[in-house]
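Welcome, and please open your viewer beside this text. We will go from one selection to the next and look at what each one shows.

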Amino acid sequence: MTIQFSTKIFPQADLQSAKALNSSLKSLLAHSSDCLVLGYSKAEFDSLGGTKPAKNKSGFLAELDHLLGGSVANANSLGDLDGKQSSVCILRAEKSWTANGVKAKRVLLLGLGDIHLKSEQNLTSFSKVVRAGLKALGGSSIENALWFVPSFSQQPELIAQEVRLTIQYAGDQAYRFGVRQPAMKFKVKDKADTFKHLVLAGNDACAKELKLAVEQGSAMVEGMNLAKDLGNLPPNVCTPTYLGKTAQGIAKKAGLKVEVLGLKQIQALGMGSFLSVAQGSETPPQFIVMRHQGGKANEAPIVLVGKGI
C-alpha cells in the first residue's frame, strides 16, 4: 500500500451542536497532525460575512476563527475563502494558535456549497469536493492529515459510501507503479507521494459505520493497486504462471478458495477454444478459479469471467 488509512474517534465531537461546537473544535485542533481537514457549507460561509464584529458572530467558521486567532476572517478578507463548492483554503499555523492549544500545523477548509441540502446530495458533487481536498494534500510537505468525516455529511446512511469513495480517490492519487515495482527499469523514476497517511475521524454516532467503511475502502484500494500492477507489468513477467501464483497468494490473505488448473487438467476438461488461443504462447496456460463462499447455500452465485492475454 502506497498510502495508509486509519480511524480516530472523538466521542462527543459534533460541529452541528451549538453547545458542543467549541469543545468539539478544541479537541480536533488539539490532535497533532500536519493538517486538519474540515468541510463547510455555503450557509456557514454566508454567516461569516455581514457587518457584525467578528466576536459577535456565531457558527462553525466564526468559532473556528476565534480559536485560530482570526485566521479564518483574515483568509476571508483576502479572498482565499469562498462559498463555492470544491473551493480550497489552507490556513497555516501562527503563534496565536499555540496559545489556544492548537497542535494542527494547518487547517484545510473545503467548500461544500449546498451539498448539505438533501436536494443537492449526490456522490458526483461529493466526488468533486473530495478530489479538490486530496489534490491540496498531495505533492506538498503534508505527510498526514486528520479528515473529520461528519463535517462533510450529516446523513448517517451516506457516511459509509462517502468514506469508501474518499479512500478510493486517495489510493488512486497515491498510486505509483515504479514505487510499488522498483525492479522495473524506467527512464524517469517514479517518486512516492509525500502524503502517506489519511486518518478518517468521526464521533460515537458514526464510529461503527466509519471503522467498517475504512476497512472496506482499504481492501478496495489494495485490490485496485494489484489490478493496476498486473496491467502495467510486461508480458514476459506477468505470465499465466505469475497470475496463478498471485491468485494463490490472495487466497491466503482473503480467505478465498483458489484452484489453478494446468495444461493437462484443461485438456481433460475438453476446453478446446481456450487451448487454441493458448497455443499462440510459449508459456503454458493456467485456468484460475477463485471462490468466495460468503452467501447462503440456496442463493444463486455471482460469476465474474475475465482473461489475461
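What follows is a short tour of a predicted model, with a stop at the sheet, at some helices and at the spaces between atoms.

**Stop 1: the sheet.** Show the strands. Six of them form an open sheet, and their order across it is 1-6-5-2-4-3. The pairing is mixed. As a reminder, strands of a sheet pair through backbone hydrogen bonds, either parallel or antiparallel. Going from one strand to the next, the twist averages 25°.

Now colour strand 1 (4-9) and strand 3 (88-92). Each stands at an edge with a single partner strand, so one side of each has no neighbour in the sheet.

Next, select strand 2 (residues 36-41) together with strand 5 (residues 144-148). These two pair in the parallel sense over two bridges. To find one bridge, pick Leu36 and look for its partner in strand 5, which is Leu146.

**Stop 2: helices on the sheet.** Add helix 3 (residues 60-67), which packs on the sheet and touches strand 2 and strand 4 (106-113). The direction of helix 3 makes about 145° with that of strand 2. Then add helix 9, which lies across strand 1 and strand 6 (197-202). Relative to strand 1, helix 9 runs at about 180°.

**Stop 3: two helices together.** Keep helix 9 (residues 207-232) on screen and bring in helix 7. At what angle do the axes of helix 7 and helix 9 cross? They cross at roughly 35° and come within 8 Å, and the crossing is right-handed. To see the contact, show side chains on both helices: helix 7 brings residues including Ala160, Val163, Ile167 and Gly171, while helix 9 brings, among them, Leu210, Val214, Gly217, Val221 and Met224. By class, the residues of this contact are nine nonpolar, six polar and three charged.

**Stop 4: an enclosed space.** The count of cavities of 30 Å³ or more comes to one. This largest cavity holds about 40 Å³ of space. Select Phe126, Trp147, Val149, Phe152, Glu162, Val163 and Thr166 to see the residues that line it. Which helix gives the largest share of this lining? Helix 7 (residues 156-174) does, with three residues. The lining has five nonpolar residues, one polar and one charged. Notice Val163, which lines the cavity and also takes part in the contact with helix 9.

**Stop 5: an open pocket.** Finish at the second largest pocket, where about 250 Å³ of space lies. Of the 17 residues lining this pocket, Asp14, Pro150, Ser153, Asn203 and Ala205 lie nearest its centre. The full lining counts nine nonpolar, seven polar and one charged residues.

How values were computed: Residues numbered from 1 in each chain as written. Predicted model: local features only at pLDDT ≥ 70, side-chain atom pairs only at ≥ 80, totals over all residues. Heavy atoms only, no water. 1 Å grid on protein atoms, 1.4 Å probe; cavity = no way out; pocket = protein on both sides within 12 Å on 5 of 7 lines; lining within 4 Å. Points joined across faces, edges and corners; volume = space filled by probe spheres on them. Helix = DSSP H or I, 4+ residues; strand = E, 2+ residues; numbered from the N terminus. Nonpolar A, V, L, I, M, F, W, Y, C, P; charged D, E, K, R; others polar. Axes fitted to C-alpha atoms, helices over the stretch in contact; angles between N-to-C directions. Left-handed = near helix turned anticlockwise from the far one by under 90°. Contact = heavy atoms within 4.5 Å. Pairing = 2+ DSSP bridges.
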